Protein chains: 2
Amino acid sequence: MAEKSVYAHRVEPQDVDFTLCATFPSLGASILNTAGIDAHSKGFGVDVLNTDNHSWILSRMAMEFDYRPQQYTDYTVTTWINEYGRVLSTRNFTLCDAEGHEFGRAVTQWAMLDLTNRTAVDLSHVGDTHADAMVACPSPTDKPRKIREVSPTIHSEHRIVYSDIDFNRHVNTMRYIEMMCDLLPLELLTCAAPVRLDVHFLHESRYGQTLTIGCELREREALFEISTDDRTVAVRACMAWK
Amino acid sequence: MAEKSVYAHRVEPQDVDFTLCATFPSLGASILNTAGIDAHSKGFGVDVLNTDNHSWILSRMAMEFDYRPQQYTDYTVTTWINEYGRVLSTRNFTLCDAEGHEFGRAVTQWAMLDLTNRTAVDLSHVGDTHADAMVACPSPTDKPRKIREVSPTIHSEHRIVYSDIDFNRHVNTMRYIEMMCDLLPLELLTCAAPVRLDVHFLHESRYGQTLTIGCELREREALFEISTDDRTVAVRACMAWK
């Protein structure tokens with residue numbers, strides 16, 4: 001059994017919006033970077049997996065922020081893995097201010113992909129190999145919720161460009177969250193209420209494709225569906241304000 | 001007279017493109033963040049200027065990169081001010097790898113804006129007040145060059161959204177550079193040759209406006225002009241590969 005790992009972060013000028021508070025995508029990027037660095041330091045990062053032609057793929061993500069910290073604020077991201085299912089492993093996070101008060105938390109679920117045939121690897125045996133890295137501590141909030149149906153009333157289109165793509169030439173996770181935010185009224189995005197985001201990644205989308213971003217606005221809740229040219233759903237998501 | 005100041009940076013996963021090298025906008029953001037932190041630490045940051053209803057406005061920028069560092073690379077940004085003209089002050093930068101080898105440099109020119117009437121402040125007396133912060137060391141490369149005429153053959157449109165804007169609700173400097181990059185062929189963007197970017201900021205553009213990004217591709221050179229709905233030119237720029 002391992003201990004939780006703690007990493008230092010700071011809200012930099014490129015991380016804030018016009019209210020000088022950290023954006024959801026910038027906080028999400030800190031969370032995912034922490035996952036990458038922690039997996040690397042424990043010997044099962046993407047670099048090591050790639051030598052077996054495997055990779056980690058983010059399947060679902062839930063993030064909660066009680067408030068968004070201001071520019072130049074120091075904070076920590078604590079992370080631990082507490083579960084290996086057959087297909088998904090669960091990595092958890094808490095975000096704390098300099099005084100140690102928790103202001104955010106996240107639960108992410110990852111599949112291991114075999115890049116030769118692009119199928120999910122059975123994680124049953126991997127969980128044993130990585131047992132030393134597991135922490136017997138529950139997730140800090142509910143696991144990512146399923147989002148089954150979205151009936152969008154607002155739409156935008158976006159051609160996937162150079163600045164959107166990651167090392168796989170797929171759209172970067174946080175770019176999806178930017179596209180969703182950019183469909184919302186500023187009043188909702190910048191309201192001070194605690195917020196929860198649930199995101200499901202269903203299919204990859206690639207450089208040169210055109211995405212349709214659809215949004216269904218309910219009271220204190222926004223549902224999203226992002227699909228590619230051929231109407232394949234790439235991402236479904238929900239943002240809910242308390 | 002002051003000494004040059006040195007700040008530590010690292011190429012994070014959100015800073016790289018699909019080649020795992022730092023993008024131009026991420027290197028530009030490091031440069032501008034260094035300017036902000038250095039001005040703040042010397043007592044003439046935007047926070048202090050705002051109490052007089054003044055602010056620094058980036059007018060012109062030149063950046064040269066011999067190569068783009070890879071993900072997780074540590075590097076330093078060294079900065080110093082060496083000139084106060086009547087309207088523009090000049091802040092310089094060099095970027096060095098962990099062994100101290102210079103791989104990039106930048107020269108930026110800033111106006112001080114009086115926010116009450118949105119006119120430039122005469123810097124003649126400001127130069128005296130800030131004399132302690134000046135460093136008698138020449139700029140590391142040519143000052144930003146003027147770009148007079150652009151005859152675009154490639155165009156794109158972009159409606160200004162939440163994720164594009166800074167604390168003034170104007171388009172963030174580095175978003176302009178992203179928009180330019182996104183018009184270029186991947187082969188040019190990712191070629192290993194040293195590159196120089198010259199950018200002139202002529203007018204602000206605001207949330208809700210639609211930008212037209214025009215590009216004129218020449219041999220080893222791309223010229224850009226970004227204009228707002230009413231055809232006001234917001235930015236002109238040139239990228240040149242050796």
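Strands, in the sense used here, are DSSP runs of E that hold at least two residues and are numbered from the N terminus. In this predicted model, the place of A:E225 is in one such run, strand β10 of chain A, which covers residues 221-227. With a relative accessible area of 18%, A:E225 falls under the 20% limit and is therefore counted as buried. The side chain of A:E225 is joined to the side chain of A:R236 by a polar contact of 2.7 Å. When residues up to four places away in sequence are left aside, A:E225 touches A:V150, A:T212, A:I213, A:G214, A:V233, A:V235 and A:R236, so that A:R236 appears both as the partner in the polar contact and in the list of touching residues.

Chain A as a whole contains five helices and eleven strands. For a chain of 242 residues, a compact globule would be expected to have a radius of gyration near 18 Å, and the value of 18 Å found for chain A agrees with this expectation. Taken along the principal axes, the C-alpha atoms of chain A fill a box of roughly 45 × 45 × 30 Å. Of the 242 residues in the chain, 56% count as buried, while the area that chain A exposes is about 10,700 Å², with carbon and sulfur atoms supplying 49% of it. Among the contacts in chain A with a separation of 6 or more, 73% are accounted for by residues that stand 24 or more positions apart.

The arrangement of the two chains was examined next. Chain A is superposed on chain B by a rotation of 180° with 0.0 Å of shift along the axis, and the RMSD is 0.0 Å. This is the relation of a two-fold axis. Of the residues of chain A, A:H158 comes closest to the rotation axis, its C-alpha lying at 4.9 Å. Because 100% of the interface residues of chain A are also interface residues in chain B, the copies meet through the same surface.

Two helices of chain B may be described in more detail. Helix α1, formed by residues 24-41, has 18 residues and reaches 26 Å from its first C-alpha to its last, which is close to the 26 Å expected at 1.5 Å a residue. Since 14 of the 18 residues of α1(B) are buried, this helix is largely enclosed by the rest of the structure. The residue B:G43, which follows α1(B), has a positive phi, near 90°. Helix α4, formed by residues 173-181 of chain B, is mostly covered, with nine of its nine residues buried; among them are B:T173, B:Y176, B:E178 and B:C181. The N-terminal end of α4(B) is capped by B:N172, a side-chain oxygen of which lies 2.8 Å from the backbone nitrogen of B:M174.

A further position in chain B is that of B:T210, which is placed in strand β9, covering residues 210-218. B:T210 has a relative accessibility of 23% and therefore counts as partly exposed, since the partly exposed class lies between the 20% and 50% limits. Residues up to four places away in sequence being left out, B:T210 touches B:E157, B:H158, B:R159, B:S227, B:T228 and B:D229. Between the C-alpha atoms of B:T210 and B:L88, which are 122 residues apart along the chain, the separation is 29 Å.

How values were computed
Residues are numbered from 1 along each chain as its sequence is written. Chains are lettered from A and ligands numbered from 1 in the order in which they are written. This is a predicted model: local features need pLDDT of at least 70, side-chain atom pairs count only at pLDDT 80 or more; totals for chains, interfaces and linings use all residues. Side-chain values use heavy atoms; hydrogens and water are left out. Helices (H or I, at least four residues) and strands (E, at least two) are DSSP runs, numbered from the N terminus. The expected span of a helix is 1.5 Å times one less than its number of residues. Buried means under 20% relative accessible area, exposed over 50%, partly exposed in between (1.4 Å probe, protein chains only). Contact means heavy atoms within 4.5 Å. A polar contact is a pair of N or O atoms within 3.5 Å; within protein, one must be able to donate a hydrogen and the other to accept it, and residues adjacent in sequence count only if both atoms are side-chain atoms. Copies are superposed by least squares on the C-alpha atoms of residues with pLDDT of at least 70 in both. The radius of gyration is taken over C-alpha atoms; the globule rule is 2.2 Å times the number of residues to the power 0.38. Accessible areas come from the Shrake-Rupley method with a 1.4 Å probe; for residues, only the protein chains shown count as cover.
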